[in-house]
Amino acid sequence: MMSTTTPRRKKPAATAVIAMSALMAGLTVADSALAQRAPQTSRRASAAQGPLINRVAIEGNSKVDKAILEGELQVRARTPVNQAAIDADVQRILEIYRRTGRGLAQVTPRIVDLPNGRVDVVYTIVEGEKTGVKEIRFVGNNEISAGRLRGVMQTTETNILSFLKSSDVYDPDRLANDLELIRRYYLKNGYADFRIVSSDVTFDANAGGYIVTIAVEEGPQYRVGSVSIDSRIPTVNAEALRSDLAISSGSVYNADAVEKSVQAVSRTVARQGNPFVQVRPVGTRDPSTRTVNLGYVVEEGPRIYIERINIRGNTRTRDYVIRREFDLGEGDAYNQVFIDRAERRLNNLGYFKRVRISNEPGSSADRVVVNVDVEDQSTGAFSISGGYSTADGFIGEVSVSESNFLGRGQFVRLAGQLGQRAHGIDFSFTEPYFLGYRMAAGIDLFSKFSDQTKYSRYENRMTGGQLRLGLPMTEEFTLTLRYSLYQQELTIPNDEDKPYNDCSIPIQGVTVINPDGTPNRASCQGNGEASLAIKESQGETLTSLAGLTFNYNTLDSTRDPRNGFYAEVKTDFAGLGGDSHYFRATGDARYYYEVLEDVVGIARVQGGHIIGFGDNGGEGADLRIIDHFFMGPSLVRGFATNGLGPRDISTLDSSANAIGGTTYFGGSLEVQFPIFGLPRDLGLKGAVFADAGTLFGYEGPTQFNVGGGSILDPDGGATCTQDPTRPQDCIRVLDSDKIRSSVGASILWSSPLGPIRFDYAVALTKEEGVLQADGTRIGADRTQAFRFSGGTRF
């Protein structure tokens, strides 16, 4: 029965298989037919859309990496040509160039036919020069003027001096940094609620440049209310930390001062044996009184250690140059305040385009890895500079410098100067971390020649060197130890053009000779003659000198200070061998205060004193003339170089025979202000000033053993008269401590070529000299109303 039924069930199965096979065969035939028709359909579609693209190429780009451009293209190889897509790519490329500051770039697309029926799409780029910033606009600034904010920025507007600068070229990175500078400026000046709402950069083809618009929200200016320290560490006395605070009650709120206070308190507490300390500034605003109550919370932070510090991206700068800017090392307790401080230090070095410090988890919960990402930049400089001053005439300089020598962070400079009345060469080398400590050790070598014959009748060449070691005691105070060894060679020109020694060495055809064979004094002094004190100092003098420099600096800017105090005191002891023996002290202090917006008041005081001692002992021994102080417009404007102070009045050339003094002091008041109607970024400012000071106390010899007919007074030569036909062997000195004073006005220009200053001063009080029997005066101060100084670097 089973054998009967089984065959009957197989026949329908076989039939089904045959039917399925036929169906599959039919589908295969249909697919084959479709496959044969597909290329034809594709070719018709391609013909309708355009030929296929073989490749996409970019030519002419050098300022923007090709990979960046290719990443923005929508046109791809092995797709049909689409003119609309090509045009859109052109606009994308132009936008990239606009964002990089080249708004005048041109892009031309080309379609190149190939033999196989395909095409290449080629974008040819003419990059052009970088495009300038035509205008910088501010919106929402009601308290701080747009001119002041533009002055804070590194980016400047295009003007008539654009051919001399590059800061007016649009640079997105520089603009981003400018926004941070603006933010810090507002926070530094009390605007605690300040924020930048937006920054918009558009390219104006008609104007041929960029329009930068920055919208800000200032908020009110706050002052500091109460200031408290909350120590949550039992061993830390809060009141003892108050001396570390850089901000006090009643002052304008200053975010920089708050930050400095946090750093100072953190360092102090860490030195007391609390490595995990965390100092948090807290502030409570009171809009009704416009005050901020500040508090500093000192507490234990999380016990996290630095597992590793990774230095990445430094292709030139060595790792240890970066690591030494950290106050922390691997294995130390992690402290964000010190990490932030290291990042600022690295940015301030000038070695890198970019510095970014980030953290990532370490191998355990209490470990952290610090990553330092940097990008090296060029740090070498070659410059040719030139300038003019009324004191030195025209002068040019060629210099080569490197601030990151061989990637070691060392500074090297070699420079040569050549001018009308001065020339020389100098070399300088500085190691900022001597023996691995934050001590700047350096050496200076120099050889300089100066022609002083316009103001005093001598020339001087100084050749030598100096060793120095700078010790930063605090952020503001620095102590520098110095040792100098140099040789000075003083000579007196004596030729037909400069017959300044023909009373001693007659010049044939120039000097009139008496019947007894001696030079006629009236003749040789009438054409200009050096003082006997200068003649006595002729020759070579070796000076071995050790000194200290104390420097205190709280200026808000070293380039254009508006607020702050700067003071420098130098003490020198000469006598460690050599020919000079003296103790000298000098000081210079300046205080800057912004009276009104862009109106800066400056008060300055300066002074110095030198005491000589001889081999035989005795304070007040004769000093060499070249060791005395010589003063002029650096003390009181309106006076010529070497124009004030003691003079030798025993010669007919007394006005040109300054012999220096041992004591000077002076002060000045100056107000600098913008010139109305001129754009601030031109760098032009006006100033008015008043100066007062004096130089006195000649301590050199007055009698000389040269023979002749001097007639000395019984008091030892306080006055010195001679037979005018005989050689001179003593000098008369006009030594007055009269206060000299002047008032004047200036034009200052921070030009792209360098700082230029023009002063016009009128002397109010001066030494009038000694009245002679014939009504003339001798020994009067030399005045100079106009003074100009300026330089350039290109």
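Which backbone nitrogen does a side-chain oxygen of Asn335 reach at the start of H8? In this predicted model, the partner is the backbone nitrogen of Val337, and the oxygen comes to within 3.0 Å of it. The helix that begins here, H8, covers residues 336–349. It has 14 residues. From its first C-alpha to its last, H8 reaches 20 Å, close to the 20 Å expected at 1.5 Å a residue. At the other end, H8 is followed by Gly350. The phi of Gly350 is positive, near 85°.

The buried side of the helix comes next. The buried residues of H8 are Val337, Phe338, Ile339, Arg341, Ala342, Arg345 and Leu346. Two arginines, Arg341 and Arg345, are thus on the buried list. These buried residues pack against two helices, H6 (255–271) and H7 (319–323). They also pack against two strands, S11 (352–361) and S12 (367–376).

Val355 shows one of the links between H8 and S11. Val355 lies in strand S11. Its relative accessibility is 9%, under the 20% limit, so Val355 counts as buried. Leaving out residues up to four places away in sequence, Val355 touches Glu343, Leu346, Asn347, Asp373 and Val374. Glu343 is 12 residues from Val355 along the chain. Even so, the C-alpha atoms of Val355 and Glu343 are separated by 6.9 Å.

The nonpolar cores give a wider view. The largest nonpolar core has 46 residues. Within it, Tyr253, Tyr296, Val298 and Val372 touch the most other members. Helix H6 supplies the largest share of this core, six residues. Apart from this core lies another, of 19 residues. Its members include Ile53, Val75, Ala105 and Val121. Val372 can be followed further. Beyond its neighbours within four places in sequence, Val372 is in contact with Ile309, Asn310, Ile311, Arg312, Ile322, Phe326, Leu346, Arg356 and Ile357. One of these contacts, Leu346, is also among the buried residues of H8. Leu346 is touched by Val355 as well.

Strand S9 (residues 291–300) is the next element. Eight of its 10 residues are buried, so S9 is largely enclosed by the rest of the structure. Strands of a sheet pair through backbone hydrogen bonds, either parallel or antiparallel. S9 takes part in both kinds of pairing. Strand S7 (residues 223–231) runs parallel to S9, and seven bridges join the two. Here Ser228 has Gly295 in S9 as its bridge partner. Strand S8 (residues 277–286) runs antiparallel to S9, and 10 bridges join this pair. Val279 has Val298 in S9 as its bridge partner. Val298 is also one of the residues that touch the most other members of the largest core.

S8 and S9 form a hairpin with four residues between the strands. Arg290 lies in this loop. Its phi is positive, about 55°, although Arg290 is not a glycine. Arg290 has a relative accessible area of 48%, so it is partly exposed. Leu435 also has a positive phi without being a glycine, with a value near 55°. Leu435 sits in the loop between strand S16 (422–431) and S17. At a relative accessible area of 64%, Leu435 is exposed.

A loop residue can also be buried. Arg457 is placed in the loop between strand S17 (440–451) and strand S18 (459–472). Its relative accessibility is 12%, and Arg457 therefore counts as buried. The side chain of Arg457 reaches the backbone oxygen of Thr453 at 2.8 Å.

A separate paragraph belongs to an open sheet of three strands. Its order is S1-S3-S2, and its pairing is mixed. The edge strands are S1 (53–59) and S2 (106–113), and each pairs on one side only. On average, neighbouring strands of this sheet are turned by 15° against each other, direction ignored. S1 and strand S3 (residues 119–126) pair in the parallel sense over six bridges. Ile53 stands opposite Val119 in S3. Helix H3 (residues 83–99) packs on the sheet and touches S2 and S3. The direction of H3 makes about 145° with that of S2. Ile53 also belongs to the core of 19 residues.

Definitions and conventions: Residues numbered from 1 in each chain as written. Predicted model: local features only at pLDDT ≥ 70, side-chain atom pairs only at ≥ 80, totals over all residues. Heavy atoms only, no water. Expected span 1.5 Å × (residues − 1). Buried < 20%, exposed > 50% of the residue type's maximum accessible area, 1.4 Å probe, protein only. Contact = heavy atoms within 4.5 Å. Polar contact = N/O pair within 3.5 Å; in protein donor to acceptor, adjacent residues only side chain to side chain. Core = buried A, V, L, I, M, F, W, Y, C linked by side-chain atoms within 4.5 Å. Pairing = 2+ DSSP bridges. Axes fitted to C-alpha atoms, helices over the stretch in contact; angles between N-to-C directions.
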